[in-house]
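Please work through the exercises below with the sequence and the structure open beside you, and try each task before reading its solution.

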Amino acid sequence: MTQHQRLLIIDFGSQVTQLIARRLRELNVYCEIHPFNAVTDQALRDMAPQAVILSGGPASVTTQGSPRAPQAVFELGVPVFGICYGQQVMMEQLGGQVEAGHHAEYGRAYITPAPGHKTDGIFAGLFGTGREEVWMSHGDRVTSLAPGFEVIGTSPNAPIAMIADETRHFYGVQFHPEVHHTANGRTMLENFVRLAGFTGDWTMASYKDEAIRKIRETVGDRKVICGLSGGVDSSVAAVLIHEAIGDQLTCVFVDHGLLRLNEGTEVVKMFRDNYNIPLIHADEAELFLGSLEGVSDPEVKRKTIGRLFIDVFQKYASEIDGAEFLAQGTLYPDVIESVSFSGGPSVTIKSHHNVGGLPEKMGLKLVEPLRELFKDEVRELGRELGLPASFIGRHPFPGPGLAIRCPGEITREKLEILRKADAVFIDQIRRHGLYDEIWQAFVAILPVRTVGVMGDGRTYDFACALRAVTSVDGMTADYYPFTHEFLGETATRIINEVRGINRCTYDITSKPPGTIEWE
C-alpha cells in the first residue's frame, strides 16, 4: 500500500464514483475506492485515512436493508464529505431524517445560500454570482438535520441541498460536485482536501520511485514475464519493470490474430528498436481464432480470450528458467469495472481479461505496477520514464483486440475487412490532424449485410460503424464532433477502398449510457 496521505472513498454504487477519484488525483491527492460492505473497522485502522468521502448510489436509505457507512467512519475524528446518497446516509446514521416520495431532481439545478449562513469551510468561495449551478440526480431528500448541522444552501426541490457541521468537519451535498456540470465542484473538493490537511504529495515522480522499489522488493532475484501488447499500458509497465530489475524481465508479445493491420510487425519493431529488453513474439493466431469460431456472446469472447492468454503465458513461462511472476498493465478502471460487491448495488459492466488473479495451475504470481493508476496517469508516468511520444500518444487498444469490435460471430473474412476499414479511418484522422484531439477511434463491423449499388451492380455487403470519442480517463466519454464533410469523405474512402463494406454509420453515443467499445 502506498505511503502517501490517503483519502478513502466509500462506494455505494454510483456510476460516477470513479470521477471523485479522478478529481482528487488531479489535486495530487492519493485516494482509494472501496465498496461500503468491505470497509471493516480493521480496514479503517489499517488504511488510516486522513479524510473520507461517501459516494452517491442508486439505493434509497428509506428502504430496509439499504447500504450504510460503517459507524466507525464518524468516530475517526477526520473530515467526512457525503455526496448525494452519501449525504442521506450521513443524516440517517447521525440522527437526521430522509424521506422518499418528494419531487425527483435530475440534471442542472441552481443552489442559493440559506439566509443568515456564511459559506466557509468547503463551501468557501462559492455563490459569487448569488447562486451555484450544480448537477442533481436524486429521488429522496433530507428533511430533518442531524444534531450539529446547519443548512448552507437550498434548491427548489432540495431545501437541504448543502449542509455542514464545522465542529466535526462533516459536510454533505445533495448534488454531484465530481461531475463537470457542477460549475464549482472542483473548488469544493479543493477546499475539502485542504481543510483535511492534504499537502498534495501524490506525484508521478514519487510514484515511479515507489513502484520501482516495490517491484524490486517483490521480485528479488527472480524472473518476470510481461504480457506486451504494444499499447500504452503494457509498454509503460514493461519499461517500469525493466528499470527496476533489468534483464530479469522477458516480454511476451502475443499475436492472437485479432490485431489491427500490420500491428504485430510494427509493435515488435517499435519495441526492439527502442529498448534492449528480451522479447518473444508468440504467433498464436490459429489457437485464438480456432477457439473463437462460432462464438458470438461478448462475455464468452472475453472469457475465452482471457483463458487463452493465461494458457499461452503459461506455455512460454515454462520455457524461461526461474520465471515466477507475470506482469500485466492492469489499470484502476479495469479493476473498478470488473467489481460487483456481493449483495451491493453496483453491477459488473464487463469482464476484463487481465483482472481477477491467475489460476493456481499457472504457478505464477502477479505483478501489476499500474493497478492504482488511471489512463492519463499512466501516460504521465510514461513521460517520467522517457518513453517516446509515439508510445505515450497511442490510442487505447483493448486486450481482446478486434474481437470486441466485431459483434456477433468472428470470422477471418470479417476481421480482414475490419482491419482495412480501421486503417482507412485512422489514416483519415491523421491526415486531418485530429489524432491527438481524440481519446480513441476505431471501426466496428456490424453483424448485418445491407443492399447497395456500385456502378450498375447490386451489392450485399457489411455495414460498419465509426467510433471516435473524447475522454480524460475512459470512465466517461463523448463522441468526437467530426464535420459532415469529414464523415462523408471518410465513408467514401472506406466504401471505395475496402471490399466487403457498402455502408458507414457514425456512433454518437456517449459513455454512459454506452461503453466506448461495442462489446
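The exercises that follow concern a predicted model, and each task is followed by a worked solution.

**Exercise 1. Domains**

Task: Find which domains the domain assignment gives, and how far apart the C-alpha centres of domain 1 and domain 2 lie.

Solution: Begin with the bounds, which the domain assignment of the protein sets at 7-196 for domain 1, 204-393 for domain 2 and 412-506 for domain 3. Then take the C-alpha centres of domain 1 and domain 2, which are 36 Å apart.

**Exercise 2. The span and surroundings of helix H9**

Task: Work out whether the span of helix H9 (residues 298-317) agrees or disagrees with the expected one, and then describe which elements cover its buried residues.

Solution: The first step is to count the residues of H9, of which there are 20. The expected span is 1.5 Å times one less than the number of residues, and for H9 this should give 28 Å. The second step is to compare this with the model, where the end C-alpha atoms of H9 are 28 Å apart, which agrees.

The third step is to look at burial, where the cut-off is under 20% relative accessible area. The buried residues of H9 include Ile305, Leu308, Phe309, Val312, Phe313 and Tyr316, and also Lys301 and Arg302. Among the elements that cover the buried residues of H9 are strands E12 (223-228), E13 (249-255), E14 (279-283) and E15 (323-327), together with helix H8 (285-292).

The last step is to inspect the N-terminal end of H9, which is capped by Asp297, since a side-chain oxygen of this residue lies 3.0 Å from the backbone nitrogen of Glu299.

**Exercise 3. A pair of strands**

Task: Determine how strands E9 (residues 150-155) and E10 (residues 158-165) run, parallel or antiparallel, and how many bridges join them.

Solution: Follow the two strands in turn, and you will find that E9 and E10 run antiparallel and are joined by 4 bridges. Next, look at what lies between E9 and E10, where 2 residues complete a hairpin. At Ser155, finally, the residue standing opposite in E10 is Ala158.

**Exercise 4. Nonpolar cores**

Task: Explain why the largest nonpolar core is said to lie between two domains.

Solution: Start with the core itself, which has 93 residues, and in which Ile429 and Phe482 have the most contacts. Helix H6 (residues 232-245) supplies the largest share of this core, with 9 residues. Now bring in the domains: because domain 2 (204-393) and domain 3 (412-506) both give residues to this core, it lies between them.

To see one residue of the core in detail, take Ile429, which, apart from its neighbours within four places in sequence, is in contact with Leu434, Tyr435, Ile438, Ala441, Phe482 and Phe486. There is also a second, separate core of 40 residues, and this includes Ile33, Ile122, Met188 and Phe198. As a general background, nonpolar side chains in soluble globular proteins tend to be buried together.

**Exercise 5. Two residues in their helices**

Task: State whether Leu415 and Thr17 are buried or exposed, and find which residues each one is in contact with.

Solution: Locate Leu415 in helix H13 (residues 412-431). Its relative accessible area is 1%, so Leu415 is buried. Setting aside neighbours within four places in sequence, Leu415 is in contact with Gly257, Leu258, Leu289, Leu402 and Ile410.

Turn next to Thr17, which belongs to helix H1 (residues 17-26). Thr17 counts as buried because its relative accessibility is 1%. With neighbours within four places left aside, Thr17 is in contact with Ile9, Asp11, Ile33, Ser55 and Gly56. With Asp11 there is also a polar contact of 2.8 Å between the side chains.

**Exercise 6. Backbone details**

Task: Find what sign phi has at Cys84 and Phe127, and where the cis peptide bonds before Pro512 and Pro513 are placed.

Solution: Cys84, in the loop between strand E4 (80-83) and helix H3 (85-94), has a positive phi near 55°. Phe127, in the loop between strand E6 (105-113) and strand E7 (132-138), also has a positive phi, about 65°. Cys84 counts as buried at 3% relative accessibility, and Phe127 is buried at 10%.

For the cis bonds, one joins Lys511 and Pro512, with omega about -15°, and another joins Pro512 and Pro513, with omega about 15°. Pro512 is in the segment after strand E20 (501-506), and Pro513 lies in that segment after E20 as well.

Definitions and conventions: Residues numbered from 1 in each chain as written. Predicted model: local features only at pLDDT ≥ 70, side-chain atom pairs only at ≥ 80, totals over all residues. Heavy atoms only, no water. Buried < 20%, exposed > 50% of the residue type's maximum accessible area, 1.4 Å probe, protein only. Contact = heavy atoms within 4.5 Å. Polar contact = N/O pair within 3.5 Å; in protein donor to acceptor, adjacent residues only side chain to side chain. Pairing = 2+ DSSP bridges. Core = buried A, V, L, I, M, F, W, Y, C linked by side-chain atoms within 4.5 Å. Domains from an automatic or database assignment.
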